[in-house]
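Reader: I want to learn how to read a predicted model feature by feature. Where do we start?

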Amino acid sequence: MGPSKAQPHVILHVWPLPGGEIPCIEPSCLAAILHLQLAVPHHYAIEYSLPELSPDGQMPFLQHKGHQTLSTLSGVTRYLSTKHPSQTLHDIDLTPLEQAQSTAYKSYIISKLGDLVNYILFGNTSYFWGYTSPHLSSHLPVPTRYYVPARIRNLYQPRLESIGLWDAGDDDGMPKKKSKGLGGKTDDIEEGRSKIKQRFGTEKILEMSREVLDLLTRLLADKPFIFAQGLTSLDILLAAHILSIHHTPIPRTHIKELLQKDYSALIKHAARVLELIVGHPDSTEGTETRSRAIPRVQRSTREFQITALLPAWA
Amino acid sequence: MSIPAPQLVQSLFAKFPLYTHPAVQRPRQNNSLSSSPCLWIVPPPPGSSPISTDVNCVKHQAYVVLNGLQTGPEKSRVRLRWDISEDGAIDCLLPNLALPNGEVLGSKAIPAWVHARVKENEKSLEGEEGLDSEWDDGFEDEKTRDEMRAWVEVMEGPVKAALAAYAPPPTLAESLTSWMSPRRAKDDLAVVSPLNKLSTAGLSALYSWNWTSNSPSENTLEEFKEAIRALADRLGNDKWLLGSLKPTSLDAVVFAYLHVLLKAGPEDLRLEVWQYANLVAWEIHVRLLVEKAFKQ
C-alpha cells in the first residue's frame, strides 16, 4: 500500500509537545502511539490538540471516525486489544501472578515516573515557560494562547505540591529575568537564599529520581524484557516514560543527565522496545527510516470559533 | 525600669499602674489519662466500631495495631479520640498523635514514632541489642519489597481516584463557603489525577467557575476494577499480602481502602469489591483484629 490516499479513520490526539524525532514526549501519549503502531501500523494519524476537546478531559484520546471516541491510555489499549489484538504483545501469555504484578508496576511507573515527567514539563518554572508554553501556545488561536497554558499548568499544581516538586530545583541556564530590587545588598541576600533553596530542591529531586530508577533497574535485572515471555504492555509503558525523559529537548535537565549517566540499562531497554515496534515486520515499508514509520503529525483542520470563549454550559 | 521622662508625663503614667499577675498553671489532668498517647481521628460511623470513616485515619489505626503496639506495655498503647475538628489538626489533616508530654505529631510523623516504640518494646523484651535491621518485616528479599512499593501506588492511584471521583459532590452551602475553610487545599481528586479537575466550562472560556463537578468517567471505573482484580489475584489465600510472615505497612494501607470501600463506599465500587470473596474474608479478619485491639 503506497502513501495513503484517503484520510485514515483512526486519529490519535496528543499533547503538542514534540521532542526531536518523537512526536510527543508526554509518556501516556507516547505509549498510545507505540500501541497504535503495533496494532494498526499505517492506518492511523496523529494530531495535536488539547484536553478540552476530549470526552472526559484526559489526554491522549482516540477518535475512530464513525465508531467512537475513547480517552486515556488504558481506554485506548483496551479498545485495541479487543478490535486489533497484536501478535507481538505477550500480555495474554502472562500467568495470573505476573498479570497482577504487571498491574502493580504499571501504577508505580505511572505515578512515580509520571510525577518526574510532569515536573519537567509543568513543575519547573523555567522549563515550562521556556519549552512547554511556547509549544502549547503555537497550537492555540489568538485570544486563548495567552491564558490557557498557565491554566493547564495550574491543573498540575496540587499534585506536584503534595510531593514537593512544585517549582523546585535549578533553572539550568534558561534565560532568567534579573529583577531590579530597591537596594543592591537586599538583592544579593535574596539571590543567595534562593540559590540555596534551589540547590536543596535539585538534590531532593535527584534523590527521588534515583530511588525510582533504582527500583526499575532491579525490576529489569539485565533481562531483555521485564517478563520472560517477551514484550508486554508494561515494557511499552516503561519505555515511553524513559524515552520522554531521554528525548526532552530542554538542555541540561538534571534528571535527564542522571538517567544518561547512571541508568544506561533502562535506556537500552527503551531503545530495544522502540526498535521492535517501529521496525515492525508487518509494515509494508519495512526498509524505511524510523522517522517515516511513525506517521508525521497532521495539521488539525479545526477552526477557531468565538463560542469557545464562552463556558460550555452557556 | 523607669524611663527618664518629664514630671508631667510621669504623673500621667502614674494614673495607670502596672500590675503583674502570677503565671497561669495549666490544669493538671488525671495522670492515668495523660500517660498514654492519644490518636485523634475522624469520627467513626455511629455504632460500636472504633474504626474511623476516613481512609488516612484507618491506615494509621491499622498500622498501630499491626505493629503490635496495643498488646505491648501499657505506656505504648494508643487511645482514640474523635471530638477534635479537622480544621485544628496539623496540616489540617487528621490523624494526629498527641503524646503524653504535650507534643502533637502530624500524620507524616506517626510511622516513625511507631517504629521507635516497636524497637523500644523489643529491646525491653530481649534485654539486649537485638537485630538492628531497619526492615524488620517478613519479606525474604528485595524483589518483594519493591513489589510492596508498587502495590502501595496501586492503592494510592486508581483506587483512591475512584473513591474521590465517586464521592458525593459538595452541597451548595459547602461550595459557597469553601474559600473560608483552611482545608481548601486538600482535594483528593486534583492530587491523584490532575486532568480530572478540568472545569466543565473548559479551558478556553474567558471565565470559568467550578460550580458543577464532573461525573466519574468510565475509565476511572475500569481502572479501579483492574486494580481490585489484580489485588484479589495477588492475595490469593495468603494470610498477609505478598506472602509475608508478618503484617506490613502495605497490609495497613490495603485494609484501610478495603474497609472504607466495603463499609461506606459508593454503590458501584462496593459491588465490585464484593465479588472477590478472599478480599472480603481478609478484610473481616483484619477488622476483627483492629476492633479487638482498640476495645481494651
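Reader: Take strand β1 (residues 10-14) of chain A. How many of its residues are buried?

Author: First, a reminder that this is a predicted model. To judge a strand's cover, check each residue against the cut-off: buried means under 20% relative accessible area. In β1(A), five of five residues are buried, and the strand is mostly covered.

Reader: Which residues lie on each face of β1(A)?

Author: Read a strand as two sides. One side of β1(A) carries A:Val10, A:Leu12 and A:Val14. The other carries A:Ile11 and A:His13. These residues are all buried, which leaves both faces covered.

Reader: Which way do β1(A) and strand β2 (residues 44-48) of chain A run, parallel or antiparallel?

Author: Look for bridges, then direction. Five bridges join β1(A) to β2(A), and the two run parallel. For one register point, take A:Ile11: its bridge partner in β2(A) is A:Ala45. The chain gets from β1(A) to β2(A) through helix α1 (residues 27-39) of chain A. That β-α-β crossover is right-handed.

Reader: And how many bridges join β1(A) to strand β3 (residues 61-64) of chain A?

Author: Four bridges, and here the strands run antiparallel. A:Leu12 marks the register, with A:Leu62 as its bridge partner in β3(A).

Reader: Now zoom out. What does chain A contain overall?

Author: Count elements, then cover, then contacts. Chain A has 11 helices and five strands. Of its 314 residues, 51% are buried. Now take the contacts in chain A with a separation of 6 or more: residues 24 or more positions apart account for 75% of them. The chain exposes about 15500 Å², and carbon and sulfur atoms supply 55% of that area.

Reader: Let's move to chain B. Where is B:Gly236 found?

Author: Place a residue by its flanking elements. B:Gly236 sits in the loop between α8 (218-235) and α9 (249-264) of chain B.

Reader: Is B:Gly236 buried or partly exposed?

Author: Partly exposed, because its relative accessible area is 27%, and the buried class ends at 20%. Then compare sequence with space. B:Gly236 and B:Ala277 are 41 residues apart in sequence, yet 10.0 Å apart in space, C-alpha to C-alpha.

Reader: What does UniProt annotate over residues 225-282 of chain B?

Author: Treat a record as a label, then look at the segment. The unreviewed UniProt entry gives "domain: Metaxin glutathione S-transferase" for residues 225-282 of chain B. In the model, that stretch is 71% helix and 0% strand. Its end C-alpha atoms are 18 Å apart.

Terms used: Residues numbered from 1 in each chain as written. Chains lettered and ligands numbered in written order. Predicted model: local features only at pLDDT ≥ 70, side-chain atom pairs only at ≥ 80, totals over all residues. Heavy atoms only, no water. Buried < 20%, exposed > 50% of the residue type's maximum accessible area, 1.4 Å probe, protein only. Contact = heavy atoms within 4.5 Å. Areas by Shrake-Rupley, 256 points an atom, 1.4 Å probe, with all protein chains shown as cover. Pairing = 2+ DSSP bridges. Right-handed = clockwise from strand over helix to strand, strands pointing away. UniProt positions renumbered as here; feature names shortened; annotations may be inferred.
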